[in-house]
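Please open the model in your viewer and keep the sequence panel visible. The tour below proceeds by selection, with a short account of what is found at each stop.

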Amino acid sequence: MNIEDLQPTKIVVLTGAGMSTESGMPDFRSQRGLWSRYNPAKVASVDSLENHYELFSEFYRERMKALRAIEPHRGHRILAEWEQAGKLHAVATQNVDGLHQAAGNKNVLELHGSIRSTRCHQCERVQNEETFLRSTHCEHCQGVLRPNVVLFGEMLPELVWNEAVKKIEEADVLLVIGTSLQVSPVNQLPYVAKGKTIYINDEPSDYPFDFWINKKISSGLSDLKKAWG
Ligand code: APR
C-alpha cells in the first residue's frame with residue numbers, strides 16, 4: 001500500500017518545533033536550534049525559574065517578542081483546511097507558539113502549554129503577555145510571573161494528555177511532523193497509534209513508522225494535500 005491509497009478520514013497530527021521553522025522560528029535540536037545557543041536547564045526548567053529568574057524571563061520575553069513577526073506557513077494552513085473539511089480530528093502539539101490556532105485549527109492540544117499567556121508562579125493568577133513583558137512580578141501577590149509553558153521538571157496537563165492519547169488511538173492516520181521525539185512523555189505517543197503512522201521530517205527516526213516523508217514540512221504536507229484532497 002502506498003500513501004496515496006490511504007485516503008484517511010480521521011487524521012491526528014503530532015507536531016514539534018520543526019513545524020514552525022519555515023515560519024521563521026528556530027527549533028531546538030537542529031544545528032541552529034535554540035539548544036545550540038542556550039542550556040535548557042538554565043532557561044527552561046523549574047530550577048531556572050526559581051534560581052536564575054533574570055536569564056529565564058529574558059529567554060521567554062525574547063521568544064514572545066519574536067513571535068509577533070511570525071505567521072503560520074502553508075503547512076499550518078493545510079492542517080486547518082483538513083480540520084474544516086472534517087478529516088483532521090486533532091492537532092497534539094509540543095509547540096507553545098500558537099501557530100496552529102493562528103492558522104485556523106480549533107482542536108489543538110497544547111501538551112507543553114503556551115507562551116501566549118502568563119501566570120503568577122505563586123498565586124497562579126493568569127496575567128496577559130504585556131504584563132510579563134513590562135514587569136516580572138504579580139500585581140496581586142508580588143510573586144514571579146512566568147509563561148504558561150510546561151518547564152523541564154513540571155508535569156504535562158493531565159486532561160490534555162489524556163485527550164491526545166484518546167484521539168491518537170482513534171486515528172486512522174497519525175502524522176508525526178517536525179519533532180525529534182527526544183523528550184518524554186510525548187515521544188511515547190506514536191506507540192499509542194492503532195492506524196498507519198507517517199513521519200514528516202528532514203532527518204530519520206528510530207521509531208518504526210509506516211512511512212517517512214524525508215522533505216521540508218510544507219512541501220511534504222503539500223504532497224499529501226495533492227494525494228488526499
Ligand atoms: N522540515 C522538516 N523537518 C524539520 C524542519 C523542516 N522545515 N525543521 C526542523 N525539522 C526537524 C529537525 O530535523 C528535528 O528532527 O524537526 C525536528 C525538531 O526537533 P526538536 O528541535 O528536538 O524539537 P521538538 O521535537 O519539538 O522538541 C521537543 O523539547 O526542548 C523541548 O519543550 C521543548 O517542546 C520541545 C521538546
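A residue is called buried when its relative accessible area is under 20%. The model shown here is predicted.

**First stop: strand S7.** Select residues 173–177, which form strand S7. Because 5 of the 5 residues of this strand are buried, S7 is largely enclosed by the rest of the structure. In a regular strand, side chains alternate between the two faces of the sheet. In S7, Val 173, Leu 175 and Ile 177 lie on one side, while Leu 174 and Val 176 lie on the other; all are buried, and both faces are thus covered.

**Second stop: the neighbours of S7.** Add strand S1, residues 11–15, which runs parallel to S7 and is joined to it by 5 bridges. Within this pairing, Thr 15 has Ile 177 as its bridge partner. Next, add strand S8, residues 196–200; S8 also pairs with S7 in the parallel sense, over 5 bridges. Here Ile 177 stands opposite Ile 200.

**Third stop: Lys 167.** Move to helix H9, residues 158–170, and select Lys 167 within it. Is this lysine buried or exposed? Its relative accessibility is 15%, so Lys 167 counts as buried. Leaving aside residues up to four places away in sequence, Lys 167 touches Val 12, His 89, Ala 90 and Asn 107.

**Fourth stop: helix H10.** Select residues 217–228, the 12 residues of helix H10. At 1.5 Å a residue, H10 should span 16 Å, and its end C-alpha atoms are 16 Å apart, which agrees. Its buried residues include Ile 217, Leu 221, Leu 224 and Trp 228. Finally, select Gly 229, just after H10, where phi is positive at about 80 degrees.

Terms used:
Residues are numbered from 1 along each chain as its sequence is written. This is a predicted model: local features need pLDDT of at least 70, side-chain atom pairs count only at pLDDT 80 or more; totals for chains, interfaces and linings use all residues. Side-chain values use heavy atoms; hydrogens and water are left out. Buried means under 20% relative accessible area, exposed over 50%, partly exposed in between (1.4 Å probe, protein chains only). Helices (H or I, at least four residues) and strands (E, at least two) are DSSP runs, numbered from the N terminus. Two strands pair if DSSP finds at least two bridges between them. Contact means heavy atoms within 4.5 Å. The expected span of a helix is 1.5 Å times one less than its number of residues.
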